[in-house]
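Dear colleague,

I am handing over the structure below, and my notes on it follow. Please read them with the structure open beside you.

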Amino acid sequence: MTRTKAFTLIELLVVIAIIAILAAILFPVFAQAKAAAKKSATLSNLKQNATAVAIYLSDSDDVFPASAYSATPQATPQSPVGTQIYSVYDALMPYTKNRDIILDVAEPKAINWVNALATVGALPFLNGAATLAAANGNYIQFAGVTPNFAVFEDPNLGRSSDVTISATSLDLPADTIMFATGKRVNAGITNTEVSLLTAAEAAGIDAAAPGIRTKYLTPVGPFAGENFPGTARHNGQMLLNFADTHAKSFKSNASLQFFGTNDAACMGNTNINQRVYNLPFDINGIPNGIAEPCL
């Protein structure tokens, strides 16, 4: 009589259990590897972004581009309605030829630039077209990194241009943030990275930079620095580049101990030496220059 060789039920269950154990071990490793790859790609984007700024500076008498200014006639002298906004993203595009450079691979649509401008009735720069439809996608739609509005100047959409600063005016270029992984927070919406700070973290920020948490917790206006805060979306880390063109990752609660001099009357603040940067949300300011909340 011929016997057919086969696995017993117990043997099959053992094999399945071994496969399940291996999967449980390997899947988190794969997820970590994927997250690390996204972090590396975004850090590379920030490095290329910083290099583009350096080339731009060499072509523009060492003056940084404004974060945003009117590129087309305004409806009224103080209204941006219908105005196309030429942004710092647009200013750097001729040097990168790649819109992906301003994205965060982990969250490419973190900043919907079109919607952000729509909150003040403005349009993105359409490269010669008159409408979004006519531009056929040839404009900045999304971003994943946010600029330091002190370096690239606060946007003031009611003007035809903004006062800009020179790179030679920076005392500490290696410590001056240019861009950070960021997001868009609309007016009246709570920024969770501020609301979820521990009591110790909140107390430390309040002592070093009075008024900052309140300013960033729930943005009041539609289009200011607090509407474009930094964010730590890479396993609790945020990525930054600096005015000397290097890029680096930092823990969300890292303390960058640089100070800026504020007007003592600003928001009733009597402590004129405020910490410039308060990660992960506050990336605006210039060491030895100006810190929030006076921006």
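**Surface, core and side-chain pairs**

The protein chain exposes about 14,300 Å², of which carbon and sulfur atoms supply 60%; accessible areas come from the Shrake-Rupley method with a 1.4 Å probe, and for residues only the protein chains shown count as cover. Please keep in mind that this is a predicted model, in which local features need pLDDT of at least 70 and side-chain atom pairs count only at pLDDT 80 or more, while totals for chains, interfaces and linings use all residues. Residues are numbered from 1 along each chain as its sequence is written, and side-chain values use heavy atoms, with hydrogens and water left out.

The secondary structure comes to seven helices and 13 strands, where helices (H or I, at least four residues) and strands (E, at least two) are DSSP runs numbered from the N terminus. Of the 295 residues in the protein chain, 43% count as buried; buried means under 20% relative accessible area, exposed means over 50%, and partly exposed lies in between (1.4 Å probe, protein chains only). Among contacts (heavy atoms within 4.5 Å) between residues at least 6 apart in sequence, 72% join residues at least 24 apart.

On the surface, Ile 10, Val 14, Ile 18, Ile 21, Leu 22, Ile 25, Leu 26 and Phe 27 form a nonpolar patch, with about 790 Å² of accessible area together. Patches are made of residues with over 30% relative accessible area and no salt bridge, like charges being joined within 9 Å and nonpolar side chains (Val, Leu, Ile, Met, Phe, Trp, Tyr) within 5 Å. One of the patch residues, Ile 18, is found in helix H1 (residues 9-59), and Ile 18 counts as partly exposed because its relative accessibility is 46%.

In the interior, the largest nonpolar core has 38 residues, and those with the most contacts inside it are Val 53, Phe 64, Tyr 89, Trp 113, Phe 152, Met 178 and Phe 179. A nonpolar core is a set of buried Ala, Val, Leu, Ile, Met, Phe, Trp, Tyr and Cys residues joined through side-chain atoms within 4.5 Å. H1, E2, H2, H3 and E7 each supply at least two residues of this core. Leaving aside residues up to four places away in sequence, Met 178 touches, among others, Ala 50, Val 53, Phe 64, Phe 152 and Phe 242. A second, separate core of 13 residues includes Leu 240, Phe 242, Val 276 and Tyr 277.

Thr 245 sits in the loop between strand E8 (237-242) and strand E9 (247-251), and it counts as buried because its relative accessibility is 17%. With residues up to four places away in sequence not counted, Thr 245 touches Lys 47, Ala 50 and Ala 54.

A search of the whole structure finds twelve aromatic pairs. Rings of Phe, Tyr and Trp (its six-membered ring) pair if their centres lie within 6.5 Å, and planes under 30 degrees apart count as stacked, over 60 as edge-to-face and the rest as tilted. Tyr 86 and Phe 125 form an edge-to-face pair, at 5.0 Å centre to centre and 80 degrees between the planes; Tyr 86 is in strand E2 (residues 84-87) and Phe 125 in the loop between strand E4 (123-124) and helix H4 (132-135), 39 residues apart. Trp 113 and Phe 228 form a tilted pair, with 6.1 Å centre to centre and 55 degrees between the planes, and this pair links helix H3 (residues 113-118) to the loop between helix H7 (212-217) and E8, 115 residues apart. Both Trp 113 and Phe 228 are buried, and ring pairs link them with Tyr 89, Phe 149 and Phe 223 into a cluster.

The same kind of search finds four salt bridges, each being a side-chain nitrogen of Lys or Arg within 4 Å of a carboxyl oxygen of Asp or Glu. Arg 233 and Glu 107 meet in one of them (3.2 Å, N to O), with Arg 233 in the loop between H7 and E8 and Glu 107 in the loop between helix H2 (88-96) and strand E3 (111-112), 126 residues apart. Arg 233 is buried, with a relative accessible area of 18%, whereas Glu 107 is partly exposed at 37% relative accessibility. Asp 104, Glu 107 and Arg 233 are linked in a network of salt bridges. Glu 193 forms a salt bridge with Lys 183, the closest N and O atoms being 3.4 Å apart. Glu 193 lies in helix H5 (residues 192-195) and Lys 183 in the loop between strand E7 (177-181) and H5, so this pair ties together parts that are ten residues apart in sequence.

With best regards
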